[in-house]
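Trainee: I should like to learn how helix packing, strand pairing and backbone angles are read from a model. May we work through an example together?

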Amino acid sequence: MIAETGLAALWLATALCALQLVFGIMAVRGRDDLAAAVRPVAVVQGLLAAISFLMLIWLFLRTDLSVELVVRNSHSEKPWLYKFAGAWGNHEGSMLLWVTVLSVAGSLVAFFERRLRENTLIATLAAQAAIGLGFYAFLLFASNPFARSTPAPEEGMGLNPLLQDPGLAFHPPTLYFGYVGLSVAFSFAVGALMTRDVGADFARAMRPWVLGSWIFLTLGITAGSYWAYYELGWGGWWFWDPVENASLMPWLAATALLHSVTVLATRDSLRAWTVMLAVVAFSMSMIGTFLVRSGILTSVHAFAVDPRRGSFILALLVLYIGGALLLYGLRVGTVREGKKFQAVSREGALVANNLLLTAILGIVLIGTLYPLFVETLTGEQLSVGPPYFNSTAGPLALILIAIMALGPLLRWRKDDWRDLINRISFPILFSALAFAGLMFFVSPIGILPTLGIVLAVGVGAASVAPLWKRNLRRTPMFTYGMVIAHLGIAVALAGMASESAFTEEVLVATTPGQEHEVGPYTVRFVGVDPVAGPNWTAIEGQLAVTRGDGEPFGLMPQARMFASPPTETNEAAIATSWDGQLYTVLGNSDAQGRWQLRLWWKPFVTLIWLGGGMIAFGGLLSLVGRVRRERRSALREAHG
Amino acid sequence: MKAKHQRLTLAVIAVVAVIGAGFLALAGLRDNAALFRTPAEIAVEPVPPGQSIRLGGMVAEGSIEHLPDGVTITFIVEDGEATVPVRFSGITPDLFQENSGVVAEGAFDANGVFIADNILAKHDENYMPPPMEDMASEATAS
C-alpha cells in the first residue's frame, strides 16, 4: 500500500504540475480569472511530491522487499542511517528527490514571494512547472521508484560500501538543493523575460535563491572534497574527476550570477548579462545532473546500455537550454540598458570577476566533455586530468582572486585608481613580506604554490580592509558576510598552496617495532589486528604516534572487506593538529610478513575545508542580512 | 559613452573572453590529454618517453615481482599481441592481480619501461576496461 500511495501522489503531483503550466501561460496571456489558481496549485503540487518522497523513505526504513528499488539497493542488516540514506543513494530515488526539492521550492516561491509583479511571478511559476513536468515524466516513464518486484526475494542486494558513510549520506541532497535553487533563479529569469520585467525588483526576488543555492553548492563541494580525501585513501583532496566537475561548474556559474545579481539589485546595471548568467547557471546544473545520472561517465558504452534514461535527460537538457536561449534571443532586445559605470569602479571589478569565472567555467566544461566527444566521434579513448585543469584554470583562478581582493575596496560607478593604490598599500606590504619570508627561510617550492601563498596573505589582508575605520556595530550583516566569504577564499587558497608545496610522503614496507619519521611525527608500527563491524570485517593496523616530547597516541588505519556486495576499501586514519594532518594508510602484506604503510604529513591542509566552511558561512550571513533588510523595507512601505 | 555603447563594449569583451578561454582550453588539451593505449597499439606506434598515457591490458601470469624495498613492484601488461613492462611504487588496489584487467596511468622512461603513477581499480569486482571487454568477447567468439 505504501508504494501505491507514493505512486498515486506522484501522478497527482504531475497532473497539478501540468495544470500549473497551462493556467500560468493562460494567465500571463490575459486570462486573469485563472491567475488566482496558480499559487495554490503550486503549493499543493509541492506537498504531493513531498508525500511521494516520504513514502519512498518509509519503504526503505522497513526494507520492503516487494519493491524492486529496495531489493537492488538495500539489505535488512544495514544500519538504519544507510537504509534512510539508501532512499536517495540510487538512480530512481535521487531523481525523485530532485523533483521533490524542485516542487517544494516552487511551493515556497508561490507562498512567500510578494514583492514581484504578480504577472511576473505567475510566469515564473509556469516556467518552474515546465521544468518539473519534464522530470515527472522522466520518473514515471523511465525510472519509476515504486515498481514492484515479483516474486519478492528473501534478501536485498545491499548498498555500495563506499557510499556507507555518514558524510556521504547527506552529500547528494546538499548538491541537489544547490542545483534546484538555480532552477528557481532560471525560472525567475524566464518569467521576467516573458513579462519584460528585467530590473532591480526581479534581481531582489531572485537573489535569495541564488545565494541559498550557492551556499548549498559550496557546502556540497567542500564536504565532497573532504569525503574523497579521507574515504578514498589517496591523500588528495580534488581529483578533477567529472563527477566533481559536475558540482564545480554550477558553483562557478552561481558565483558569477551571485555577483552580477548584486550589481543589478543595487545599481540596476548588467541586466541582460544577469539573465544570461541565470540561463547558464541552470544549464550547468542540468549538465551536472546529466553527467552523473545518465551513466555516460562510466563509459559512453554504459550510456548505450540504457539509452532511454540518458537520452531522456539529454532531451530535457536540450529542450530547456535551447528554449531558454531562444527566448533570450527573442527578448533580449526588449531589456532596456541599465545604468552606466566606468571601467575603474566596483561594477568594473565585478564584470572582470564574471568574465574570469565564465572563462574558467568554459575551460572546465571543455575539459570535462572533451573525452566524451572524442570517444563518441572517433572511438579514441583519452582522459583529461589534473595537468590540463591546473595549467589552464589555475592561473586564471589566481588572477580572479587578486581582483576579488580589489573589488570591495572600489566605489560604485566611478573611482580613481590612484586612490585604490593607497587603499591596498597594506595588503601589498603583507604580500611582499610573505614573499620575502618564503625566499629567505623556505626552500624553493615552485611558482604556483609561491604565488598562492603570497596572494593568500595579501587577499586575506585586503578582504578585511572594507571593515577598516567603519563603525563595526552599524556595519550591515551582509557586509560581514562578504568579508568572511572572501577571507574564506584566502584561507582555502593558503591551505591548497601549503598542501601542494610542503606535503611530506613516506612509503615503506614495515615490520612490527619499526619506526618511521614523517614531518614532525614519529610513527611506530605495532602490528595488525582483525576487527569486525556491523556488516564488514577488517585488518586494522596499530600505529603508535609521537610528536616531539608529547604523549604517544594510537592511529588505526584499516583495510575493510564488505560482505554484501563483496568489496574492499581502505580506511585512512588521520590525526589532526592545529598546523596540519598526519594521514596514514595500511596497504598489503608480502611474503616476508612486511606490511606496506603510507604516511603523509600535510601542513595546514585543514585550511582548505575551513575556508570552504567560512565561504558558506559568509554566504549564510549575507542571506540572512539581505532577507532581514528586505523585510524591514517591505514593512516600511506597507506602513508608509 | 552612452549606455548602449557600454552594453556593446561589454558584449564584445565577453565574447572575446569566452573565445580566449576556448583557445586556452584547446591548447591545454593538445598538451595534456592522456590517450588510452594497449600494448598492441604501442608496438605499432611507440609513445615518446615522458608523454602521459593510460595503459590498459591484462597483468601477465607470473609477471608480478616485488622488489626488495617492499613497496615497488614490476609486472608485465599484455593483450595477446604485445607486452609492456611496468614499474609501480605504492599500494596496489585490492583487485590488482595476475590474469586480470588493469589500467595504469603514467609515462614511459628512456629505457622503455612504463612508470605508473597510479593504478586504477574501479571499485567493482566485475570491472574491465571497455577495450578489454571487446577483447574478451572476441576471444570467446573465436
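Mentor: Let us begin with a convention for helix pairs: an angle over 145 degrees between two axes counts as roughly antiparallel, and one under 35 degrees as roughly parallel. Please keep in mind that this is a predicted model.

Trainee: At what angle do the axes of helix α5 and helix α6 of chain A cross?

Mentor: The axes of α5 (residues 91-112) and α6 (residues 118-142) of chain A cross at roughly 165 degrees and come within 10 Å. α5(A) and α6(A) are therefore roughly antiparallel to each other. The crossing of α5(A) past α6(A) is left-handed.

Trainee: Which residues make the contact?

Mentor: On the side of α5(A), they include A:M95, A:L96, A:W98, A:V99 and A:L102. On the side of α6(A), A:L121, A:L125, A:I131, A:F135 and A:Y136 are among them. By class, the contact of α5(A) with α6(A) has 15 nonpolar, five polar and one charged residues.

Trainee: I turn to strands. What should one know about side chains in a regular strand?

Mentor: In a regular strand, side chains alternate between the two faces of the sheet. For the present case, consider strand β7 (residues 558-562) of chain A, which is joined to β8(A) by five bridges; the two run antiparallel. Within this pair, A:M561 stands opposite A:E568 in β8(A).

Trainee: How many residues of strand β8 of chain A are buried?

Mentor: Four of the five residues in β8(A) (residues 567-571) are buried, so that the strand is mostly covered.

Trainee: Where does the backbone of chain A show a positive phi in a residue other than glycine?

Mentor: Two examples are A:T63, with phi near 50 degrees, and A:L270, with phi near 60 degrees. A:T63 is found in the loop between α2 (32-62) and α3 (68-73) of chain A, whereas A:L270 lies in the loop between α10 (242-267) and α11 (271-293) of chain A.

Trainee: Are A:T63 and A:L270 buried or exposed?

Mentor: The cut-off for buried is under 20% relative accessible area. A:T63 counts as buried because its relative accessibility is 9%. A:L270 is buried as well, with a relative accessible area of 9%.

Trainee: Finally, what pattern does chain B follow along the sequence?

Mentor: Chain B has three helices and seven strands, and its pattern reads α-β-α-β-β-β-β-β-β-α. Of the 142 residues in chain B, 38% are buried. Among contacts in chain B with a separation of 6 or more, 50% involve residues 24 or more positions apart.

Technical notes: Residues are numbered from 1 along each chain as its sequence is written. Chains are lettered from A and ligands numbered from 1 in the order in which they are written. This is a predicted model: local features need pLDDT of at least 70, side-chain atom pairs count only at pLDDT 80 or more; totals for chains, interfaces and linings use all residues. Side-chain values use heavy atoms; hydrogens and water are left out. Buried means under 20% relative accessible area, exposed over 50%, partly exposed in between (1.4 Å probe, protein chains only). Two strands pair if DSSP finds at least two bridges between them. Axes are lines fitted to C-alpha atoms, for helices over the stretch in contact, and angles run from 0 to 180 degrees between N-to-C directions. Angles under 35 degrees count as roughly parallel, over 145 as roughly antiparallel, 65 to 115 as roughly perpendicular and the rest as oblique. A crossing is left-handed if the near helix is turned anticlockwise from the far one by less than a right angle, and right-handed if clockwise. Contact means heavy atoms within 4.5 Å. Ala, Val, Leu, Ile, Met, Phe, Trp, Tyr, Cys and Pro count as nonpolar, Asp, Glu, Lys and Arg as charged, and the others, Gly among them, as polar.
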